[in-house]
2 protein chains.
Amino acid sequence: MAVESFSQSTVTELVPRQSSRRSHALFVALQKEIVLGQLVPEQALTELDLAQRFQCSQGTVREALMQLSEEGLVKRLPNRGTHVAPCHADDARALLELRRDVECRHLDRVVSRADAALKGDLHALLNAMRNAARDGDEYLLSVHDRAFHTRLFETADLPLVTPILTRCLIHNHRYKILNSQPNRALEETAERHVPILHALEARDVEALRGLLSHHIATIVDFGPDLTSVDGA
Amino acid sequence: MAVESFSQSTVTELVPRQSSRRSHALFVALQKEIVLGQLVPEQALTELDLAQRFQCSQGTVREALMQLSEEGLVKRLPNRGTHVAPCHADDARALLELRRDVECRHLDRVVSRADAALKGDLHALLNAMRNAARDGDEYLLSVHDRAFHTRLFETADLPLVTPILTRCLIHNHRYKILNSQPNRALEETAERHVPILHALEARDVEALRGLLSHHIATIVDFGPDLTSVDGA
DNA sequence: CGATCTTGCATTATCGATAATTCATAGGTT
DNA sequence: AACCTATGAATTATCGATAATGCAAGATCG
């Protein structure tokens, strides 16, 4: 129990303290609604409505919407409003392939920079995933899943690339959640990260690449095979 | 002359009418200063200073800064301010590889959707590049260069991927401009797009892929070779 | 009857002012 | 001397109100 609460607090602190910002709270709430499909693709989001609903000013809503736009979850047209982004299979597949490339290409940098802090954080996130899976909370599981892969990639120290991975991750999960029956095998999803962690601890770049590539290729079933390298 | 002014207006209309928004004007201005290095990496940008400098309110500046953050040209830390993004070789190389993957992977979709409007727009943009090169305006050349590649990729109809390409493009150009003597061979840079255009008009996907791949790999000289596929 | 031109409404864009946060510095305590 | 603690200046975050824009419905004209 002590271990559990400790790892929980560790995970909490992995998120930079932003909860005090209203715009960020709004961003998080809307992000969840979009990923879960409670806000459907192409739905219009009017700023004053959201302001009233979340008891804040229009400017604060605007900021949250711009943050969502940064992840591609909404599209903003000047003077014309904000709409929830579409979620088509073609985009989803392209983003999944892109994610595989990004995550797998720089694993040598990850392994060479891996340290105890990384190991600790990833174990904490794995634990958080297990807890979310046990509680049947698919969204919370996906949050920690994204944090796991982000934390891993941040170790490559390519700060200009990380936001691109963030974008891929959220859309991967959105497509998966929107196109599958809820609550299938959550616990299995969490456990799928264990071999990745082991390969990392063994500092085996090639094994890690193979595992991650497979891990990503099997997130969503895209017809023939995502594993074949068809790009260039 | 008539042709020139026509293509100019065509190019102008390729940009959605946003010039009436102060925040967008600010965004464009700051984007230029960052890409040209007039604002140096890690430099702090305080909102009220910019508001005074551009004669607008703090809120408008915030919006412009968030748009810049969307492209990764600045990094915003909650309650701590905004700084110009770093510009390291490792990131630049990773983003160039990523750009090559993105642009080359979906050329089949581009070719299958290519129409007269695309051809017209790309010719107009090529012309705009030539004009900018003739005038020795390296930045304007880069603007049209990005528009050219963006317009080409938009034809693939993967709206969730396009912003990622946008991000790669701006950082490619920023790194190139920040790490080279100004005004080398601008006209050559414009002409380098001609064979791409021809392959597109011939609807030859493989030729197009080869040309684009080489085009991108030779933008910046990154040591050994960017052409080898080293990612999975 | 169709096309163009107003007019009003819904919504976004901008502003100026106030509140909240951070950071550095100075002062006090053990 | 090391360690808190409090104060204040600088800056960001939020608010409420006003201006500007776009859209649709109705009016006017050929």
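In this predicted model, a phosphate oxygen of DNA strand D sits 3.4 Å from an N or O atom in the side chain of Arg80(A). Thr60(A) also reaches the backbone of the strand through its side chain, where an N or O atom lies 2.6 Å from a phosphate oxygen. Arg22(A) does something else: here a backbone N or O atom is placed 2.3 Å from a phosphate oxygen of DNA strand D.

Let's step back from these single pairs to the whole surface around the strand. DNA strand D is surrounded by 19 residues, and the closest come from two chains: Arg22(A), Ser57(A) and Thr60(A), along with Arg62(B) and Asn79(B). Which part of the strand faces the protein, sugar and phosphate or bases? Sugar or phosphate accounts for 76% of the DNA strand D atoms within 4 Å of the protein, and bases make up the rest. Sorted by class, the protein surface here has nine polar, six charged and four nonpolar residues.

It helps to look for the helices behind this surface. Chain A brings helix H2 (22–35) and helix H4 (58–70), while chain B brings helix H3 (47–53) and helix H4 (58–70); each of these supplies at least two residues of the surface near DNA strand D.

Now follow chain A away from the DNA. Its secondary structure consists of twelve helices and three strands. Of its 232 residues, 53% count as buried. Among the contacts in chain A with a separation of 6 or more, 75% join residues 24 or more positions apart. The chain exposes about 10,500 Å², with carbon and sulfur atoms supplying 53% of that area.

Helix H11 (residues 194–201) of chain A gives a good view of the packing. Which of its residues are buried? They are Val194(A), Ile196(A), Leu197(A), Ala199(A) and Leu200(A). An α-helix has 3.6 residues a turn, so residues three or four places apart point the same way. The cover over the buried residues of H11(A) includes helix H6 (107–113), helix H7 (116–134), helix H8 (138–154), helix H10 (186–191) and helix H12 (205–217), which belong to chain A as well. Just after H11(A), Arg203(A) adopts a positive phi of about 55 degrees.

Finally, a look at the cysteines. Cys104(A) has a relative accessible area of 1% and is buried. Cys56(A), at 16% relative accessibility, also counts as buried because the cut-off is under 20%. A disulfide is a covalent bond between the sulfur atoms of two cysteines. How many disulfides are there over all chains? The count is zero.

Note on methods
Residues numbered from 1 in each chain as written. Chains lettered and ligands numbered in written order. Predicted model: local features only at pLDDT ≥ 70, side-chain atom pairs only at ≥ 80, totals over all residues. Heavy atoms only, no water. Near = heavy atom within 4 Å. Polar contact = N/O pair within 3.5 Å; in protein donor to acceptor, adjacent residues only side chain to side chain. Helix = DSSP H or I, 4+ residues; strand = E, 2+ residues; numbered from the N terminus. Nonpolar A, V, L, I, M, F, W, Y, C, P; charged D, E, K, R; others polar. Disulfide = S-S within 2.5 Å. Buried < 20%, exposed > 50% of the residue type's maximum accessible area, 1.4 Å probe, protein only. Contact = heavy atoms within 4.5 Å. Areas by Shrake-Rupley, 256 points an atom, 1.4 Å probe, with all protein chains shown as cover.
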